[in-house]
Amino acid sequence: MKLVSPNFSDLFKDNIEIKQFPDGDSYVRIPDIEKCKNLEVTVMHRLYPDQNNSIFNLFQMLHTLNKVNSKITLFCPYLPYARQDKLFKTGEVLSSELLCTLIAGFNVEKLITIDCHFLKKEGLFTYGGLKIENISANKLLIDRVGKELEIISPDMGANYLVSDFKGKSMEKIRGNYNDGDMAYREIQSLKMNFDVKGKNVLILDDMISTGGTMIKAVENVRKGGAKNVYCAATHGFFLKDSLIKLQSICDDIFTTNSIPNPVSKVNIADLIKL
Ligand code: R5P
């Protein structure tokens with residue numbers, strides 16, 4: 001039995017209701033709940049955008065499925081809070097672990113996700129007590145360009161996306177957290193120690209958020225004399241005007257539709273067999 005959230009209705013036929021009460025509380029209903037009794041159920045639900053509400057909606061679904069004893073597999077293509085997997089200052093929250101532990105608490109048998117930031121390779125893992133199957137979209141993204149390419153990741157964390165394709169990685173160093181309300185660590189340096197002169201280059205990352213990393217990576221390969229420059233990532237947030245900026249400095253840019261956006265051209269439905 002597949003249960004599909006309305007936030008996945010662009011790809012699959014949805015059969016879960018999500019509404020809001022006038023005060024903003026969430027209302028969730030699984031009309032087919034009787035059919036889920038003691039059965040294997042796959043819940044397909046995006047956890048971004050509006051991650052905090054989407055996470056709570058997920059808990060509402062899981063709580064209801066627990067009441068009828070379903071055996072739950074979860075498909076959430078992008079896992080929010082995955083970048084909060086390290087502690088920098090005393091008293092910080094390991095939010096990546098917190099989220100996984102909360103999901104595991106609903107007896108979820110497995111979470112299937114795509115290019116999970118803290119796992120950094122494909123396969124089966126247990127994190128925060130949650131079983132996770134991490135799938136990579138790297139091959140689909142690379143195949144889309146259809147040219148001989150120098151494939152580059154903008155930092156070592158994303159090296160696993162390119163290493164099977166003779167890819168190279170830049171080295172990124174971030175500074176400390178900024179002052180003020182925004183929790184953000186500026187990029188101090190992004191170094192490229194290899195030659196790209198005259199080459200067609202694809203810069204591949206797990207995500208493009210503010211675009212800061214990708215913009216600096218494009219500047220590096222342009223300075224290095226690259227011919228055509230393509231940018232791709234599994235998850236595309238494109239905060240503020242980062243998409244417009246990137247489009248003005250590269251030859252093409254695209255992501256998967258794990259998070260729908262104007263350049264989400266690679267279909268994650270081609271990646272998973274559910
Ligand atoms: C970081 O380690 C990630 O792999 C991405 O490089 C990063 O999150 C992208 O963020 P932004 O677009 O804000 O530079």
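# Rings, ligand shell and two serines

Q: What does F21 count as, buried or exposed?
A: In between. F21 is partly exposed, at 41% relative accessibility. The cut-offs are under 20% relative accessible area for buried and over 50% for exposed, with partly exposed in between (1.4 Å probe, protein chains only).

Q: What kind of model is this?
A: This is a predicted model, where local features need pLDDT of at least 70, side-chain atom pairs count only at pLDDT 80 or more, and totals for chains, interfaces and linings use all residues. Residues are numbered from 1 along each chain as its sequence is written, and side-chain values use heavy atoms, with hydrogens and water left out.

Q: How many aromatic pairs are there?
A: Nine. Rings of Phe, Tyr and Trp (its six-membered ring) pair if their centres lie within 6.5 Å; planes under 30 degrees apart are stacked, over 60 edge-to-face, the rest tilted.

Q: And how are the rings of F21 and Y27 arranged?
A: Their centres are 5.9 Å apart and their planes stand at 75°, so the pair is edge-to-face. Y27 is partly exposed, with a relative accessible area of 29%.

Q: How do Y78 and F237 pair?
A: The planes of Y78 and F237 are at 90°, with centres 5.1 Å apart, so this pair is edge-to-face. It links distant parts of the chain, 159 residues apart. Y78 sits in the loop between β5 and α2, and F237 in the loop between β14 (229–236) and α6 (242–249). Helices (H or I, at least four residues) and strands (E, at least two) are DSSP runs, numbered from the N terminus.

Q: Are those two rings buried or exposed?
A: Y78 is buried, at a relative accessible area of 6%. F237 counts as buried too, at 12%.

Q: Which residues form an aromatic cluster?
A: F8, F12 and F75 form one.

Q: Ligand next. Which residues are closest?
A: D205, D206, S209, T210 and T213, out of 14 that surround the ligand. A residue is near if one of its heavy atoms lies within 4 Å.

Q: Where does the largest share of the shell come from?
A: From β13, with four residues. β11 (171–177), β13 (201–208) and α5 (212–223) each supply at least two.

Q: What classes of residue are in that shell?
A: Two nonpolar, six polar and six charged. Ala, Val, Leu, Ile, Met, Phe, Trp, Tyr, Cys and Pro count as nonpolar, Asp, Glu, Lys and Arg as charged, and the others, Gly among them, as polar.

Q: Which side-chain atom of T210 lies by a ligand oxygen?
A: A polar one, 2.5 Å from an oxygen atom of the ligand. T213 also has a polar side-chain atom 2.5 Å from a ligand oxygen. For R83, an N or O atom of the side chain is 3.1 Å from a ligand oxygen.

Q: How much of the ligand does the protein cover?
A: 91% of the 370 Å² of accessible area that the ligand has on its own. That area is Shrake-Rupley, with a 1.4 Å probe.

Q: Now S258. Where is it found?
A: In the loop between β15 (252–256) and β16 (264–266). S258 counts as buried, at 1% relative accessibility.

Q: What does S258 touch?
A: R46, P77, T234, H235 and I268, not counting residues up to four places away in sequence. Contact means heavy atoms within 4.5 Å.

Q: And S9, where does that lie?
A: In the loop between β1 (2–4) and β2 (17–20). S9 is partly exposed, at 40%. The C-alpha atoms of S9 and H45 are separated by 9.6 Å, with the residues 36 apart along the chain.

Methods: A polar contact is a pair of N or O atoms within 3.5 Å; within protein, one must be able to donate a hydrogen and the other to accept it, and residues adjacent in sequence count only if both atoms are side-chain atoms.
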